[in-house]
Amino acid sequence: MSNYEKEINRRRTFAIISHPDAGKTTLTEKFLLYGGAINLAGSVKGKATARHAVSDWMEIEKERGISVTSSVLQFEYGGFCINILDTPGHQDFSEDTYRTLMAADSAVMVIDASKGVEAQTRKLFKVCVMRKIPIFTFINKLDRDANDTFELLDEIEKELGIATCPVNWPIGSGKGFKGVYDRDRHCVITYSDTEKGTKEGESTEIPMDDRQALLSAIGEEAVGVLNDEIELLDGASAEFDLDLIRAGELTPVFFGSALTNFGVEFFLQHFLKMTTTPLPRKADKGLIDPVENEFSAFVFKIQANMNKAHRDRIAFMRICSGKYESSMEVKHVQGGKVMRLSQPQQIMASERKILEEAYAGDIIGVFDPGIFSIGDTLCMPKEQFQYEGIPTFAPEHFARVRQMDTMKRKQFVKGITQIAQEGAIQIFQEYNTGMEEIIVGVVGVLQFDVLKYRLENEYNVEIKLEPLPYEHIRWIENKDIDLAKLVGTSDMKKIKDLKGNPLLLFVNAWSVGMTLDRNEGLILAEFGRD
Ligand code: G4P
């Protein structure tokens with residue numbers, strides 16, 4: 001195998017999804033710890049400092065102490081080169097959070113053992129399913145009182161519709177947490193408190209048939225419960241099947257406690273064995289193979305104002321095939337131009353490192369003078385193909401935009417259209433009028449503030465946002481529909497996007513169902529595709 005092939009094959013690119021506070025940041029820090037990228041002291045820094053370190057690119061971020069951008073981390077572990085894509089949560093949940101998943105080959109789903117499946121996990125999970133990417137589950141915080149293990153698995157299966165296969169099994173939880181049972185090796189790995197991960201764990205491995213050692217390590221009661229649960233589990237749970245895992249139909253489940261480092265390395269080692277090398281990606285001329293094909297990439301995110309002094313934009317791209325070398329010429333397919341990428345860099349938390357080379361699976365950020373759009377393809381100058389577009393994800397909050405100074409109409413339309421093109425917000429119009437009435441839709445409410453702030457600071461335009469009660473948006477898949485004749489519920493609103501595609505807004509899910517009932521043959525989609 002050539003060095004080039006080896007480099008690609010050792011890459012693993014995944015996103016971490018979870019509901020806020022499930023432990024995504026802590027788990028990521030522990031991955032970095034095992035990868036040697038940070039030391040123990042670094043792993044215990046408070047959340048506030050960690051968050052602050054990620055980015056202070058925008059004033060708004062500084063004011064609120066949260067990060068609007070999703071960051072990419074790269075580290076080495078056991079010969080693998082790992083790219084982690086963080087999916088921001090809290091109020092900074094936005095369409096970018098969804099788009100990040102378009103650049104990952106698999107997803108790690110972190111669940112709080114005392115909470116189970118929560119809203120944000122559910123939303124992000126839908127996108128993973130749409131892409132059929134493998135999903136690995138880490139059930140966290142076993143050092144705290146947890147829900148019943150069988151119930152947790154049941155909830156994942158019922159709520160998310162994916163079969164589960166536990167790789168290990170927890171023995172108790174909270175104060176009674178004794179460790180996990182490794183189903184493959186038939187042994188118990190004991191838990192020892194590492195004082196929030198500040199010291200090395202002292203876990204021991206005890207084979208199940210060494211009854212004496214087991215009894216003295218976890219006690220008679222725990223041994224009894226464990227034996228019963230293993231019996232139940234072996235009879236009830238889905239069998240381990242790597243093909244189903246890679247097809248995104250079965251999720252391996254791991255239990256642990258990120259805070260105390262327990263089960264993190266176990267997870268990392270198994271995950272790296274099960275997950276894939278960079279996957280081929282669909283383009284208009286067929287599948288593009290990461291190794292066989294020369295350099296190609298697609299833009300999945302555009303970040304404006306990374307540096308306020310320069311008003312710059314960074315386009316984040318995922319390399320899908322081949323090798324990128326700085327100074328090489330590439331073709332921007334949508335722009336029809338051959339060019340050199342400007343200041344290609346790897347964005348690592350707040351650090352930016354200029355890149356010499358990067359391989360399929362890696363994420364790079366390049367300076368964008370305003371030429372790139374989300375979904376754009378880059379390839380070798382002699383090639384000509386386009387990657388499948390990135391869908392538009394459904395906004396969940398809507399507002400009518402009122403412009404305060406009507407004299408500045410031109411700037412207003414230019415500003416709002418540009419911001420929409422970057423993908424931070426979506427704008428719509430009444431279906432039978434022009435730009436007089438603008439409705440803005442966002443995935444996370446913070447984007448409303450970002451819009452207001454940016455229009456004021458970059459375009460000198462003041463706006464007022466009037467919240468609208470809609471919560472559901474649907475794209476109409478029927479190409480020949482006559483919107484005027486469509487019969488909906490009284491609270492339904494007919495709108496169109498910038499490209500003139502018809503859409504419907506609803507206040508609740510009931511109205512969506514009613515409208516489908518009233519219009520035979522109507523097909524409504526939750527994702528928009530061009
Ligand atoms: P997030 O990125 O998913 O939002 O979660 P994050 O890692 O920031 O963790 C949220 C809180 O849960 C943090 O506590 C963190 O220390 C705690 N936590 C994470 N993993 C575990 C675990 O395995 N066990 C226990 N007991 N707690 C865990 P915090 O008090 O909000 O922040 P901090 O001040 O401790 O940093």
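**Exercise 1. The ligand and its surroundings**

An oxygen atom of the ligand lies 3.2 Å from a polar backbone atom of leucine 259. Starting from this contact in the predicted model, work out which side chains also place polar atoms at the ligand, and how many residues surround the ligand.

*Solution.* Begin with the side chains: a polar side-chain atom of asparagine 140 is found 3.0 Å from a ligand oxygen atom, and for serine 257 the distance between a side-chain N or O atom and an oxygen atom of the ligand is 3.3 Å. Next, widen the view to the whole surroundings, where 18 residues are counted, the closest being Asp21, Lys24, Thr25, Thr26 and Asp143. Then take one of these closest residues, Lys24, and place it in the fold: lysine 24 belongs to helix H2, residues 24–34. With a relative accessible area of 12%, lysine 24 is buried, since the cut-off for that class is under 20%. Finally, the side chain of lysine 24 makes a polar contact of 2.8 Å with the side chain of aspartate 86.

**Exercise 2. Helix H7 and the residue after it**

Determine which residues of H7 are buried, where they sit around the axis, and what phi value follows the helix.

*Solution.* First, establish the extent of H7: it comprises residues 119–131, 13 in number, and the distance from its first C-alpha to its last is 19 Å, close to the expected 18 Å. Second, list the buried positions, which are Gln120, Thr121, Leu124, Phe125, Val127 and Cys128. These residues cover an arc of only 160° around the axis, and therefore lie on the same side of H7. The spacing fits a general rule, because an α-helix has 3.6 residues a turn and residues three or four places apart point the same way.

Third, move past the end of the helix to lysine 132, which has a positive phi of about 55° although it is not a glycine. Most residues other than glycine have a negative phi. Lysine 132 is located in the loop between H7 and strand E5, and its relative accessibility of 59% makes it exposed, the cut-off being over 50%. A further positive phi, near 70°, occurs at lysine 141, again in a residue other than glycine; lysine 141 is part of the loop between E5 and helix H8.

**Exercise 3. Two covered strands**

For strands E4 and E14, find how many residues are buried, and identify the strands with which each one pairs.

*Solution.* Take E4, residues 106–112, where 7 of the 7 residues are buried, so the strand is largely enclosed by the rest of the structure. Separating its two faces shows that both are covered, with Ser106, Val108, Val110 and Asp112 on one side and Ala107, Met109 and Ile111 on the other. For its neighbours, E4 pairs with strand E1 in the parallel sense over 5 bridges, and alanine 107 is there the bridge partner of alanine 15. E4 is also joined to E5 by 6 bridges, again in the parallel sense, with isoleucine 111 standing opposite isoleucine 139.

Now turn to E14, residues 296–304, in which 9 of the 9 residues are buried. Its pairing with E15 is antiparallel and has 8 bridges, including the one between serine 296 and serine 321. The pairing of E14 with E23 is likewise antiparallel, over 3 bridges, and phenylalanine 298 stands opposite threonine 377.

**Exercise 4. An open sheet and a contact across the sequence**

Give the strand order of the open sheet that contains E27, explain which strands stand at its edges, and locate valine 442.

*Solution.* Write down the order of the 8 strands, E28-E25-E27-E26-E30-E31-E29-E32, with antiparallel pairing. E28 and E32 are the edge strands, each having a single partner strand, so one side of each is left without a neighbour in the sheet. Inside this order, E25 and E27 are joined by 5 bridges and run antiparallel, and phenylalanine 398 stands opposite glycine 441. Valine 442 is in E27 and is buried, at 1% relative accessibility. As a last step, compare sequence with space: valine 442 and serine 94 are 348 residues apart in sequence, yet 7.1 Å apart from C-alpha to C-alpha.

Terms used:
Residues are numbered from 1 along each chain as its sequence is written. This is a predicted model: local features need pLDDT of at least 70, side-chain atom pairs count only at pLDDT 80 or more; totals for chains, interfaces and linings use all residues. Side-chain values use heavy atoms; hydrogens and water are left out. Helices (H or I, at least four residues) and strands (E, at least two) are DSSP runs, numbered from the N terminus. The expected span of a helix is 1.5 Å times one less than its number of residues. Buried means under 20% relative accessible area, exposed over 50%, partly exposed in between (1.4 Å probe, protein chains only). The arc is that of the directions from the helix axis to the C-beta atoms. Two strands pair if DSSP finds at least two bridges between them. A residue is near a molecule or strand if one of its heavy atoms lies within 4 Å of it. A polar contact is a pair of N or O atoms within 3.5 Å; within protein, one must be able to donate a hydrogen and the other to accept it, and residues adjacent in sequence count only if both atoms are side-chain atoms.
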